[in-house]
Amino acid sequence: MRLPTPSESPAFGEADLSNCEREQIQLAGGIQPHGALLVVQESDLEIVQVSANAAEFLGLDDLIGQRLDALPGNLAGAVTPHLAAPLHEIPSAVRGTLGSPDHELDCLFHRPPRGGLVLELERAGPVLDVTGAVESALPLIRSAASLEDLADETASLFKEIAGYDRAMMYRFDEDGHGEILSERRDPELESYLGQRYPASDIPQIARRLYERNRVRVLANVADPRIPLLPRLSPLTGEDLDMSLCFLRAMSPIHVQYLQNMGVAATLVASLMVGGRLWGLVACHHYSPRTLHYELRAVCEILAENVATRITALESFAKAQAEVGVRRLEQRVNDAMARDGDWRAALFDGSSSLLHPVEATGAALLLEGEALTVGDVPGTQDIRRIAGWLDARPTAPVFATASLGREDAAFESLGDVASGVAAAPVSSSGGEYMLWFRPAQERTLTWGGDPHKPFVMGDDPADLSPRRSFAQWHEEVRGTSQPWDAADLAAAKLIGATVADVVLQSRAVRMLIARDQLEGVRRQVQQSGDPIILADPDGRILLTNEAFERLLRAAHPHLEWISDLPQLFAERAELRGLVDDLLQRRRPRRGEFQLRVADGGVRPLLIRADPVLVAPNRLLGFVILVSDLTERREADEARRRFQALVAGHPGSVKGGSADPTYQHLLAQVLSNAQLAAMEITDGVDPAHMPEVLESVRASVERMAELLEQLTSHAAPVRKR
Ligand code: BLA
């Protein structure tokens, strides 16, 4: 016989240590002896392939080449009406007679993938109250309130209904390892409850097969395998695909495994949850045992119902967590709409941030701040973790049960943060929602040493699955309770919620900032005073129209603050001001003469300030310029006016020594002085000179009038 190359899948029974994962168990080429198998050609029901025990099973000779409907019994007639059905996923079952003497048989028939019709025959079982069993079992399954209850109920039901010595419910974890969740056994048997079995005990190919063929019975580990004759189907020239055959002989490796375990017969049903093999119900018997079609069907129905209940319980748990997350999301969004303080709503001190993820601590790192709840590492350590996360892919969630194992630098944090789940909340890096779990010492109990799934005899060919199923304890340290899919789903949801509000609040802030910026820009533009905004290097960022009018017209190449001094008469002095401002960040004020086009100057007041938001954070510079020309003119007007009114009546044209005149004039002047004070206080300097001038002119006119009046009246009074 040709040996398979390593890349090939080994034929049934030819697997060894290197390739047993790929053993083609569906091409078993043989059956268990408690039944018989026929393959017929569909057109005329001619028998083309049989199990080696078929003739004897039926009390007939020479089956090959005969037509099923020509054999004694009514089976062919019972089968034919069902042939309109597809029969390639679920076999049909009929009861009928066949052979000599014509036994009553149960026949399951289906179409294998490559043609022909496979008929599997077993002796008809005793009459059972099948519906009664199902009817009483279903309410128990349906009312199980937790997975634990359901597992216990399932083991009880299978033990009772199928009658095996031991019944177990077995669940696979994410890595394919199995754990016995529940067990019902005869009292004299040792317990397997809580034990774990490595994924290698059940190869992937077998798992895939068990997704289609949901109930398997191994009647007796000591039974010989009955070969198919001929081995290859004459219809296809290939091995018969026995995926759906209930009589299929089981892999010798597995049979050996069971023998090593001391088991004589098994019944195993698949638990399919969400389209994948979630676990198994496995029953052991310590003497040969088989189950007839009806009971196998009952077991399949029970297993389906159990799986449905698992789906419901798991999705209920998921929905609960989701309700928690949604409530949290609602609170955060409400807070956002109310006063923008969504962080307070997220960290309201309750466990709403921890519970859905089943974490013991949580933190939000955002904009340099760390908000926390529960047991968390110090802020510095949280930042270190975030820095470490920045270097690896984290979206939508990153999770580890042992951060210390990922990076030894974090080993010392194990008491609070061995388990870390993280969801980035922005694309800026360093901003995460984090959850923590402490390291826990756990003892995993394996049913045998998981690292030695095989034992090798003296002869390398003498290879068998492990012989010892003695409990093997694995101490697990430095890792937390692992995060399960539901935890991570909740973390992902919360992370997404937070990322949304972060984005939203940043967008809002941007709009506000833009609005404020617009406001400031408008004010600056509308200001009558020239203004310059410069960046921290002194580069001019923004000027207004007043500035353009005053300075730019004459000097279009202003780019830097340091370009300003050259425009002034006091160039050196202004350079000092600019240096003080730029180098020493010192606010300065001063009056300077701007040189203007016609060779003249314009007096300007310059107020220059650095803008600092923190002692060392310079945003830039603001330079305000006031044109002093008008003020200077106003000052001049005031001076002239003061001179007029302050005891220089002589300056008033004409003038008389007449005391009445002098008295009246004094009144007019003090009135005018008062008015002038009010005028200088209230009038804009641009208009002051003319206003003062008008007062001055009016005083002068009045003085003249007074003089005329007094001189005119004098003779009268003298009279
Ligand atoms: C199949 N191995 C299985 C099955 C179980 C186990 C439940 C499915 C059998 C069925 O559906 O009928 C393992 N059975 C267990 C365990 C318990 C139990 C863990 O009762 C615990 C109480 N097996 C090995 C190794 C290999 C292996 C090392 O231990 C090879 C890599 C192979 N297991 C193996 C194969 C099958 C199998 C090939 C398929 C059997 C078949 O359906 O033909």
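How much of the accessible surface of the chain belongs to carbon and sulfur atoms? Of a total of about 35,700 Å², carbon and sulfur atoms hold 52%. The views below are close-ups of a predicted model.

**Figure 1. Overview of the predicted chain, with 17 helices and 27 strands.** The chain has 719 residues, and 44% of them are buried. Among contacts with a separation of 6 or more, 60% are between residues 24 or more positions apart. The accessible surface comes to about 35,700 Å².

**Figure 2. The largest nonpolar core, made of 42 residues.** Leu37 and Met242 have the most contacts inside this core. Two or more residues come from each of strand E2 (36–40), strand E7 (166–172), H5, strand E11 (226–229), helix H6 (252–261), strand E12 (265–273) and strand E13 (276–285). Apart from neighbours within four places in sequence, the contacts of Leu37 include Ile31, Val50, Ala54, Val118, Leu119, Leu228, Leu240, Met242 and Cys245. The contact list of Leu37 also holds Gln49, Ser51 and Glu120. A second, separate core has 33 residues, including Val134, Ala162, Met169 and Val215. In soluble globular proteins, nonpolar side chains tend to be buried together.

**Figure 3. Helix H5 and the strands that cover its buried residues.** Ile205, Ala206, Arg207, Leu209 and Tyr210 are the buried positions shown in H5. The cover over the buried residues of H5 includes E7, E10, E12 and E13. H5 is also one of the elements that give two or more residues to the largest nonpolar core.

**Figure 4. His285 in strand E13.** Is His285 buried or exposed? With a relative accessible area of 8%, His285 falls under the 20% cut-off and is therefore buried. Apart from neighbours within four places in sequence, His285 is in contact with Gly163, Tyr164 and Asp165, and also with Val263, Ala264 and Ala265.

**Figure 5. The salt bridge between Arg214 and Glu304.** The side chains meet with N and O 2.7 Å apart. Arg214 lies in the loop between helix H5 (204–212) and strand E10 (215–218), and Glu304 lies in helix H7 (residues 293–338). The two residues are 90 residues apart, and the pair links distant parts of the chain. Arg214 is partly exposed, at 21% relative accessible area. Glu304 is partly exposed as well, at 30%. In the whole chain the count of salt bridges comes to 32.

**Figure 6. The salt bridge between Asp381 and Arg384 within helix H9.** The closest N and O atoms are 2.5 Å apart. Both residues belong to helix H9 (residues 379–390), with a separation of 3 residues, about one turn of the helix. Arg384 has 37% relative accessibility and counts as partly exposed.

**Figure 7. Helix H14 and the salt bridge of Asp580 with Arg588.** How far apart are the end C-alpha atoms of helix H14 (residues 571–582)? They are 16 Å apart, which agrees with the 16 Å expected because the helix has 12 residues at 1.5 Å a residue. Its buried residues are Leu574, Leu577, Val578, Asp580, Leu581 and Leu582. Asp580 has a relative accessible area of 10%, and its side chain meets that of Arg588 in a salt bridge of 2.9 Å, N to O. Arg588 is partly exposed, at 25% relative accessible area. Elsewhere, salt bridges that share partners join Arg343, Glu367, Glu369, Glu431, Arg506 and Arg509 into one network.

**Figure 8. A nonpolar surface patch of Val611, Val613 and Leu619.** Together the three residues have about 230 Å² of accessible area. Val611 is placed in strand E26 (residues 601–614). At 30% relative accessibility, Val611 counts as partly exposed.

**Figure 9. Ala637 in helix H15 and its distance to Glu690.** Helix H15 covers residues 629–645. Ala637 is buried, at 6% relative accessibility. The C-alpha atoms of Ala637 and Glu690 are separated by 8.1 Å, while the two residues are 53 residues apart along the chain.

Conventions:
Residues are numbered from 1 along each chain as its sequence is written. This is a predicted model: local features need pLDDT of at least 70, side-chain atom pairs count only at pLDDT 80 or more; totals for chains, interfaces and linings use all residues. Side-chain values use heavy atoms; hydrogens and water are left out. Patches are made of residues with over 30% relative accessible area and no salt bridge: like charges are joined within 9 Å, nonpolar side chains (Val, Leu, Ile, Met, Phe, Trp, Tyr) within 5 Å. Accessible areas come from the Shrake-Rupley method with a 1.4 Å probe; for residues, only the protein chains shown count as cover. A salt bridge is a side-chain nitrogen of Lys or Arg within 4 Å of a carboxyl oxygen of Asp or Glu. Helices (H or I, at least four residues) and strands (E, at least two) are DSSP runs, numbered from the N terminus. Buried means under 20% relative accessible area, exposed over 50%, partly exposed in between (1.4 Å probe, protein chains only). Contact means heavy atoms within 4.5 Å. A nonpolar core is a set of buried Ala, Val, Leu, Ile, Met, Phe, Trp, Tyr and Cys residues joined through side-chain atoms within 4.5 Å. The expected span of a helix is 1.5 Å times one less than its number of residues.
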